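Thanks, everyone. Please have a look at the sequence and the fold on the screen. I will start from a single loop residue and work outwards.

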Amino acid sequence: MAKIDIRRPHGKTLPEARAVVEKVAARMSEKFGTKGGWEGDAYAFAGSGVKGAIAVSDSDVHVTAELGMLLSAMKGMIEGEIRKKLDEHFA
């Protein structure tokens with residue numbers, strides 16, 4: 001099982017960061033069929049072959065995910081897409 005662990009600083013307030021995570025989570029749900037919800041300051045999600053969380057704090061966002069067998073082969077591509085989205089929303 002492949003693991004993804006990415007931490008990125010941001011300059012947003014906590015409510016602004018949470019709003020961005022909600023937007024990204026809605027898109028993930030549409031595109032990949034993931035389901036999830038807030039557990040404190042972390043949005044936990046799961047879908048076919050993936051489970052993880054997007055945690056937000058006053059200073060950073062932290063994405064963690066475990067990929068199942070099939071998605072493990074695409075770890076590099078998935079990680080690249082996550083980094084791209086973080087750049088778009090938290091740069």
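**One loop residue, then the sheet**

Set aside the neighbours within four places in sequence, and T34 is in contact with M28, S29, F45, A46, G47 and V50. Contact here means heavy atoms within 4.5 Å.

Some ground rules. This is a predicted model, where local features need pLDDT of at least 70, side-chain atom pairs count only at pLDDT 80 or more, and totals for chains, interfaces and linings use all residues. Residues are numbered from 1 along each chain as its sequence is written, and side-chain values use heavy atoms, with hydrogens and water left out.

Back to T34. Where is the place of T34? T34 sits in the loop between α1 and β2. T34 is buried, with a relative accessible area of 6%. Buried means under 20% relative accessible area, exposed over 50%, and partly exposed in between, with a 1.4 Å probe and protein chains only. Helices (H or I, at least four residues) and strands (E, at least two) are DSSP runs, numbered from the N terminus.

Now the sheet. It is open, has 5 strands, and follows the order β1-β5-β4-β3-β2 with antiparallel pairing. Two strands pair if DSSP finds at least two bridges between them. β1 (2-9) and β2 (35-39) are the edge strands, each pairing on one side only. On average, neighbouring strands of this sheet are turned by 10° against each other, direction ignored. Axes are lines fitted to C-alpha atoms, for helices over the stretch in contact, and angles run from 0 to 180 degrees between N-to-C directions.

Look at β5, residues 60-67. β5 pairs with β1 in the antiparallel sense over 8 bridges. A2 stands opposite L67 in β5. I4 has A65 of β5 as its bridge partner. On β4, G52 has A65 as its bridge partner in β5 too. β4 and β5 run antiparallel, joined by 7 bridges, and form a hairpin with 3 residues between them. How many residues of β5 are buried? The count is 6 of the 8, so β5 is largely enclosed by the rest of the structure.

Next, the helices. α1 (residues 14-32) lies across β2, β3 (42-47) and β4 (50-56), and runs at about 160° to β4. α3 (residues 75-90) packs on the sheet and touches β1 and β5; its direction makes about 15° with that of β1.

Stay with α3. This helix has 16 residues and reaches 22 Å from its first C-alpha to its last, close to the 22 Å expected at 1.5 Å a residue. The expected span is 1.5 Å times one less than the number of residues. Which residues of α3 are buried? They are E79, I82, L86 and F90. They cover an arc of only 60° around the axis, which puts them on the same side of α3. That arc is taken from the directions from the helix axis to the C-beta atoms. The buried residues of α3 pack against β1, α1 and β5. Turned away from that side, the face carries the exposed residues G76 and M77.

Last, the core. The largest nonpolar core has 20 residues, and F45, L86 and F90 touch the most other members. Such a core is a set of buried Ala, Val, Leu, Ile, Met, Phe, Trp, Tyr and Cys residues joined through side-chain atoms within 4.5 Å. β1, α1, β3, β4, β5 and α3 each supply at least two residues. α1 gives the most, with 5 residues.
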